[in-house]
Amino acid sequence: MQEFLQKIISWAENDNSVRMLIQTGSHTRIDNSSDELSDFDIEMFVDDVGRFADSNRWIKEIDDVWVCLPLTNSVGDPTRLVIFNGGYKVDFTLNKLKDIEQIKKDGYDDYFNKGFKILLDKDNLGKDLPSPSYKTQFTKKPTQEEFTALVEEFFFETYHIPKYVKRGSLWTVKMRDWGIKELLLRMLEWYEKSLHGFDYDTWYAGAKLEKWVERNIYDELQNTFAHFDKEDSLRALDATIKLFRRIAKETAKNLDLIYPEEVDQNITGYIEKISNDSNS
């Protein structure tokens with residue numbers, strides 16, 4: 001893998017428009033979270049973002065490309081998600097040179113703060129960059145309004161699943177089910193942070209879940225996923241609701257919040273009625 005990383009560095013050394021490369025992601029963390037399957041995350045600082053955003057020719061100069069997705073990140077920066085020959089995946093983010101000065105002024109976001117490595121610095125732009133703390137940023141505990149909104153959204157989404165089961169629309173069931181799984185994950189993050197502090201690292205999108213969630217919860221999650229049939233879909237829905245309810249109530253207790261019991265009771269009562277009709 002390091003040989004492929006060197007290919008990227010060598011290409012950048014020979015392209016005058018590329019002034020700096022910074023590697024982020026799991027390869028730069030100090031918790032040994034990367035492995036031979038981990039992607040490369042590369043922040044490119046260039047003097048002409050348009051040149052790199054308007055054409056993907058530069059990517060093919062690095063190596064043969066299997067597939068490239070031209071996207072933008074959450075703050076509007078162009079990104080190129082590339083799988084190169086041999087299965088090497090690299091997520092490139094295109095940055096203006098002045099963005100480095102903005103980082104120095106505003107400090108690191110959570111991604112940089114967990115670790116980075118300067119791979120190339122033609123103009124010594126990184127000389128004043130402080131070392132990362134290798135810690136996740138402190139996040140605020142949810143307010144009562146935020147907590148209530150999450151619980152309400154969860155039960156709003158669960159309301160639909162038995163209706164689609166009864167209709168036999170199992171593909172739609174799966175789509176709705178993934179929506180409630182995302183809400184379950186957010187509650188799991190709040191729950192673990194309520195126990196360990198709001199700087200506790202719950203990673204991103206469920207990554208390394210087995211490392212940061214309690215073992216009994218991790219084992220219980222296996223019951224929340226269903227086969228592609230009506231009976232198992234309803235069984236998994238019931239397991240998901242029970243797990244969500246338990247950790248939400250524990251989270252509310254730990255954070256001195258109020259669990260909206262009436263929402264739970266009204267929706268689960270309706271779900272039970274529709275589910276019984278589906279099984280009859």
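**Exercise 1. The sheet**

Work out the strand order of the open sheet and name the edge strands in this predicted model.

Solution.
- Six strands, in the order S3-S4-S5-S2-S1-S6, make up an open sheet with mixed pairing.
- Strand S3 (65-72) and strand S6 (117-121) are the edges, each pairing on one side only.
- From one strand to the next, the twist averages 20°.

**Exercise 2. Pairing sense around S4 and S5**

Determine how S4 pairs with S3 and with S5, and how S2 pairs with S5.

Solution.
- Strands of a sheet pair through backbone hydrogen bonds, in either a parallel or an antiparallel sense.
- Take S3 and S4 to begin with: they pair in the antiparallel sense over 7 bridges. Threonine 72 stands opposite proline 78 in S4.
- Next, strand S4 (residues 78-84) and strand S5 (residues 88-96) run antiparallel, joined by 6 bridges. Here arginine 80 faces phenylalanine 92 in S5. Leucine 81 has aspartate 91 in S5 as its bridge partner.
- Then turn to strand S2 (residues 40-46). S2 and S5 pair in the parallel sense over 7 bridges. Aspartate 41 stands opposite aspartate 91 in S5.
- Put two of these steps together: aspartate 91 is the partner of leucine 81 and also stands opposite aspartate 41.

**Exercise 3. Two hairpins**

Which glycines in the hairpin turns have a positive phi?

Solution.
- S3 and S4 form a hairpin with 5 residues between them. In its turn, glycine 76 has a positive phi of about 95°.
- S4 and S5 form a hairpin with 3 residues between them. Glycine 86 sits in that turn, with a positive phi of about 95°.

**Exercise 4. The two sides of H1**

Find the buried residues of H1 and decide how they are arranged around the axis.

Solution.
- Start with the span. Helix H1 (residues 2-13) has 12 residues and reaches 16 Å from its first C-alpha to its last, close to the 16 Å expected at 1.5 Å a residue.
- List the buried residues of H1: Phe4, Leu5, Ile8, Ile9, Trp11 and Ala12.
- These residues cover an arc of only 160° around the axis, so they lie on the same side of H1.
- Check the face turned away from the buried side: it carries the exposed residues Gln2 and Glu3.

**Exercise 5. From H1 to H2 through rings**

Trace the aromatic pairs that start at tryptophan 11 and pass through phenylalanine 52.

Solution.
- The whole structure holds 12 aromatic pairs.
- Tryptophan 11 and phenylalanine 52 form one that is edge-to-face, at 6.5 Å centre to centre with 90° between the planes.
- Tryptophan 11 lies in helix H1 and phenylalanine 52 in helix H2 (residues 49-54), so the pair ties together parts that are 41 residues apart in sequence.
- Burial uses a cut-off of under 20% relative accessible area. Tryptophan 11 is buried at 8%. Phenylalanine 52 is buried at 0%.
- Phenylalanine 52 also pairs with tryptophan 58, edge-to-face, at 5.5 Å centre to centre and 75° between the planes. Tryptophan 58 counts as buried at 3% relative accessibility.
- Widen the view: ring pairs link Phe4, Trp11, Phe52, Trp58, Phe84, Tyr88 and Phe92 into a cluster.

**Exercise 6. Charges over rings**

Which rings lie under arginine 167 and lysine 181?

Solution.
- For arginine 167, the charged end sits over the ring of tyrosine 164, 5.2 Å from its centre.
- Lysine 181 lies over the face of phenylalanine 225, at 4.9 Å from the ring centre.

Note on methods. Residues are numbered from 1 along each chain as its sequence is written. This is a predicted model: local features need pLDDT of at least 70, side-chain atom pairs count only at pLDDT 80 or more; totals for chains, interfaces and linings use all residues. Side-chain values use heavy atoms; hydrogens and water are left out. Helices (H or I, at least four residues) and strands (E, at least two) are DSSP runs, numbered from the N terminus. The expected span of a helix is 1.5 Å times one less than its number of residues. Buried means under 20% relative accessible area, exposed over 50%, partly exposed in between (1.4 Å probe, protein chains only). The arc is that of the directions from the helix axis to the C-beta atoms. Rings of Phe, Tyr and Trp (its six-membered ring) pair if their centres lie within 6.5 Å; planes under 30 degrees apart count as stacked, over 60 as edge-to-face and the rest as tilted. A charge sits over a ring if NZ of Lys or CZ of Arg is within 6 Å of the ring centre and within 35 degrees of the ring normal. Two strands pair if DSSP finds at least two bridges between them. Axes are lines fitted to C-alpha atoms, for helices over the stretch in contact, and angles run from 0 to 180 degrees between N-to-C directions.
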